[in-house]
Every structure is written in C-alpha cells, then in structure tokens.
Amino acid sequence: MVWSADKTQVQSWNEWDPLRHVIVGRADDCHIPPPEPALDAKVPEDSDMRGQWGRRPQETIDRANELLDNFAAMLAKRGLRVDRPTPTDFSKPATTPDFRTDSQFGCMPPRDVLLTVGHEILEATMSYRCRWFEYLCYRPLMQQYWEEDQSFRHEAAPKPRLTDRDYHPDYLSDKIGVEKRLKWAEEKFFVTTEEEPLFDAADILRMGRDLVVQQGFTTNLKGIEWLRRHFPDHRVHAVNFPGDPYPIHIDATFTPIKPGLILNNPHRRLPPEQRAMFERNDWQIVDSAQPAHNAPPPLCYSSTWLSMNVLVLDPKTVCVEASEVWQAEQLDKLGMNVIPVELRDAYAFGGGLHCCTADVYREGDCQDYFPNQ
Ligand code: DAV
C-alpha cells in the first residue's frame with residue numbers, strides 16, 4: 001500500500017520501518033501526581049520528587065512544550081504527518097468506584113498508552129491510578145482515524161480495578177534500599193501483583209510477528225497473557241531485566257534499531273536464556289553507549305538511560321537527544337544517520353524521544369524476523 005499524507009491509514013508492525021505518521025505528546029498542565037502505590041515504587045529513594053506533588057511550574061511546562069513543538073515541526077518538515085493529543089484537565093481527581101487519587105498526570109508520553117500493532121491501536125490498561133483516564137487525551141484522534149480509515153481497529157484493553165490488591169505492600173516503603181530492590185527484581189517480585197491483567201504500552205516492543213514484553217512494575221504476567229490471547233497471530237515473549245531496580249517500560253533498556261540489531265542497557269542485561277531467541281536468528285545484541293549525564297534532570301521519574309530512548313525514522317535514520325553524544329557516536333559508528341533533537345528539558349514530563357511519540361503509520365508489512373524459534 002502506498003502512503004499519502006491526505007489519506008489516513010493506521011499501520012505499524014515494528015519499531016524501524018519508515019515512519020510516515022506519528023503522534024507527538026504535549027506537556028500542557030502536567031502534574032506530579034500524589035503518592036499511590038505503583039508510582040511510589042518507581043520514584044528512586046534519593047529523588048527530589050519524594051513527597052512532592054501538584055502542577056509543574058509553568059515555565060518548565062512552556063520550555064518542554066517548546067521542545068516538543070520543535071520536534072514535531074522537524075518531523076513535519078521531513079514530510080511526516082504529525083498529530084497532537086488534546087490535554088484534559090489533569091488537576092481533576094481520578095475517581096472510580098474502586099479508588100480515588102487527587103490529580104492526574106499529563107499526556108507527554110503517548111507511547112505508554114497506545115500500542116499500534118498492524119491496523120490496530122490498542123489502549124493499554126495502564127497500572128497507575130493517576131493515568132487511568134489518560135486515553136481520553138487521544139480519543140479525538142482515535143475517533144478521527146476510525147472515521148477516515150475503514151481498516152482501523154480501535155481497541156481498548158479491559159480497564160483494571162486498581163484496588164490495593166493490585167500492589168504488593170512490601171513496596172510501600174521509601175527505605176527498601178537498592179540492594180533489596182535488585183534482589184526482588186531478580187526474583188521477579190515486582191510492585192504489581194497478579195490480581196488482574198496490567199500493562200503499559202511502553203513495555204512492549206513490536207518486531208513483526210514477535211512481540212517482546214517486559215514484565216516489571218507496570219506489566220504483570222496476566223497482562224502478558226492477555227496480550228498473547230489478544231494477538232493470536234503473534235508470538236508473545238516475556239522478558240525481564242534483573243539489573244534494573246525500578247523496572248518500568250522497556251524503552252530505556254532494550255532498543256531495536258533495525259532488523260538484526262538491538263541495543264541493550266549494560267546495567268540491565270537480558271538473561272542468557274532469553275538471549276537465545278535473538279542468537280538463533282543472528283540478531284546482534286550490543287551494549288549501548290553510556291549516557292552523557294550523571295543524573296536525570298530535576299523532578300524526573302526516569303533514569304539517565306533515556307539516552308537509549310531513541311526514535312528510529314527508518315532503518316538508516318535515528319533521532320537521538322542532542323546532548324547524548326556517546327549514544328549518537330555509537331549509532332553513527334553502527335552506520336546510522338543520526339538526527340540530534342533537543343529534548344532533555346522535557347524528560348521530566350514523561351520520558352525521551354521514543355516515549356513522547358506513538359506510531360500511526362510505518363511502511364512495510366508484517367514479517368517474521370525470528371524464523372528459528
Ligand atoms: O530507565 O527510568 C524510563 C522509561 C520511560 N518510558 C528508566 C525507564
């Protein structure tokens with residue numbers, strides 16, 4: 001099928017084929033949400049965010065929006081169609097019959113919420129209470145795509161209850177210590193329980209017929225099983241990364257660049273038995289370069305490894321955050337054309353270049369990159 005900018009088509013099977021249509025998030029009205037079990041487990045114990053919540057300062061919102069707008073404009077200039085979400089009022093509490101939390105979060109990272117697989121966009125269950133209603137920011141776009149593309153399948157995973165039974169109480173302390181966290185991660189003891197299926201879309205890598213899904217704080221085994229039954233034509237692989245004391249989202253840990261090449265965070269290596277599938281199919285798993293920074297920017301949930309959170313535009317071209325010189329150098333040496341994009345002042349709003357985007361259309365069809373299973 002030939003892509004044209006005037007005709008909406010939803011399609012994306014992987015993380016690397018030529019990207020033509022994309023959603024870029026916004027920083028408007030972003031809040032630091034009040035404490036809640038799953039969120040607290042992710043905030044590092046020495047973080048400046050502990051105990052803080054409320055609307056982020058306006059000048060930081062304006063700066064983040066400036067960077068996101070520039071990124072969107074650069075993509076548009078390269079001929080991509082770029083859509084933006086419609087922020088809701090994140091100061092409002094999120095309330096269901098099962099829980100209440102006093103504010104919501106934002107809509108900077110569409111990658112966390114929307115999973116595009118082929119002609120389908122699936123809204124993830126999410127696993128934080130403050131993010132339960134975030135899909136609403138994308139509904140105007142989903143409705144538009146649904147009207148304009150007869151093949152588009154708009155799906156939503158079952159909304160979770162998110163009662164206290166979804167979270168292990170052992171994680172409700174800010175004095176666990178990194179050593180114990182690493183031991184728990186190794187034992188696959190995460191903050192979320194197996195009460196009901198839970199997943200964030202950013203825990204999933206799309207690699208043609210194969211979906212690679214990280215089990216961690218935001219995605220549990222029932223979530224992975226739900227995906228397996230929902231995508232019966234795919235092979236769904238559960239992976240985990242024992243070196244990560246705060247495992248949420250796979251996109252600062254394991255980053256596919258093109259068929260046959262994937263970067264792995266050297267502090268969070270894929271366990272040997274899980275590497276076999278890649279090795280059997282001649283995929284190279286390369287240790288990623290070191291981040292350029294020793295610490296994340298202020299009031300940021302994510303680690304310095306957002307250096308790896310790159311956006312692949314096609315198998316020869318990749319967007320890398322402008323200050324991440326080591327990551328850029330490595331990708332250049334691996335034969336990629338690197339486009340530097342300034343985004344660091346927006347990291348605190350929900351992540352890097354991969355997080356703040358979601359695929360609507362990539363060229364190419366569904367291929368089998370792992371015929372030797
Ligand atoms: O390393 O803090 C960030 C992932 C954001 N989607 C990290 C993971």
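**Exercise 1. Place H249.**
Classify H249 as buried or exposed, then describe its surroundings.

*Solution.*
Step 1. The relative accessibility of H249 is 8%. Buried means under 20%, so H249 counts as buried. The model is predicted, and this value is computed from it.
Step 2. Find the residue along the chain. H249 sits in the loop between β12 (235-239) and β13 (254-258).
Step 3. Check the backbone. H249 is not a glycine, yet its phi is positive, at about 65°.
Step 4. List the contacts, leaving aside neighbours within four places in sequence. They are D112, R131, D200, A202, D203, Q214 and T218.

**Exercise 2. Find the enclosed space.**
How many cavities of 30 Å³ or more does a search of the whole structure find, and what lines the largest cavity?

*Solution.*
Step 1. The search of the whole structure returns 3 cavities of 30 Å³ or more.
Step 2. Take the largest cavity. Its volume is about 270 Å³.
Step 3. Go to the lining. The largest cavity has 21 lining residues. Nearest its centre lie K42, I248, H249, Y301 and S302. H249 from Exercise 1 is thus one of the residues nearest the centre.
Step 4. Sort the lining of the largest cavity by character. There are 10 nonpolar, 5 polar and 6 charged residues.

**Exercise 3. Describe the open space.**
Which residues lie closest to the centre of the largest pocket, and how does its lining divide?

*Solution.*
Step 1. Start with the volume. The largest pocket holds about 500 Å³ of space.
Step 2. Its lining has 23 residues, and those closest to the centre are P44, Y246, P296, S303 and T304.
Step 3. Divide the lining of the largest pocket. It comprises 11 nonpolar, 7 polar and 5 charged residues.

**Exercise 4. Trace the partners of T8.**
Which residues does T8 contact, leaving aside its neighbours within four places in sequence, and which side chains does it join by polar contacts?

*Solution.*
Step 1. Locate T8. It lies in the segment before β1 (19-24).
Step 2. Assess its exposure. T8 has 3% relative accessibility and counts as buried.
Step 3. Beyond neighbours within four places in sequence, T8 is in contact with R81, Y145, E148 and D149.
Step 4. Pick out the polar contacts. The side chains of T8 and R81 are joined by one of 3.0 Å. The side chains of T8 and E148 are joined by one of 2.4 Å.
Step 5. Set the T8–E148 pair against the sequence. The two residues are 140 residues apart along the chain, but their C-alpha atoms are separated by 5.9 Å.

**Exercise 5. Read the two sides of α4.**
Which residues of helix α4 are buried, and which are exposed on the other side?

*Solution.*
Step 1. Helix α4 spans residues 178-186, and its buried residues are R181, W184 and A185.
Step 2. Look down the axis. These three cover an arc of only 100°, so they fall on the same side of α4.
Step 3. Turn to the other side of α4. There E179, K183 and E186 are exposed.
Step 4. Identify the packing partner. The buried residues of α4 pack against α1 (37-42).
Step 5. Inspect the end of the helix. Just after α4, K188 has a positive phi of about 55°.

**Exercise 6. Compare three loop residues.**
Where do E134, L299 and G79 lie, and is each buried or partly exposed?

*Solution.*
Step 1. E134 belongs to the loop between β8 (120-123) and α3 (139-148). At 3% relative accessibility, E134 is buried. Not counting residues up to four places away in sequence, E134 touches F105, G106, C107, P109 and V113.
Step 2. L299 is in the loop between β15 (284-287) and β16 (311-314). Its relative accessibility is 18%, so L299 counts as buried. L299 is not a glycine, but its phi is positive, at about 55°.
Step 3. G79 occupies the loop between α2 (58-77) and β4 (81-83). At 44% relative accessibility, G79 counts as partly exposed. Its contacts, not counting residues up to four places away in sequence, are W3 and R20.
Step 4. Add a distance for G79. The C-alpha atoms of G79 and L122 are separated by 26 Å, and the two residues are 43 residues apart along the chain.

Definitions and conventions. Residues numbered from 1 in each chain as written. Predicted model: local features only at pLDDT ≥ 70, side-chain atom pairs only at ≥ 80, totals over all residues. Heavy atoms only, no water. 1 Å grid on protein atoms, 1.4 Å probe; cavity = no way out; pocket = protein on both sides within 12 Å on 5 of 7 lines; lining within 4 Å. Points joined across faces, edges and corners; volume = space filled by probe spheres on them. Nonpolar A, V, L, I, M, F, W, Y, C, P; charged D, E, K, R; others polar. Helix = DSSP H or I, 4+ residues; strand = E, 2+ residues; numbered from the N terminus. Buried < 20%, exposed > 50% of the residue type's maximum accessible area, 1.4 Å probe, protein only. Contact = heavy atoms within 4.5 Å. Polar contact = N/O pair within 3.5 Å; in protein donor to acceptor, adjacent residues only side chain to side chain. Arc of directions from axis to C-beta.
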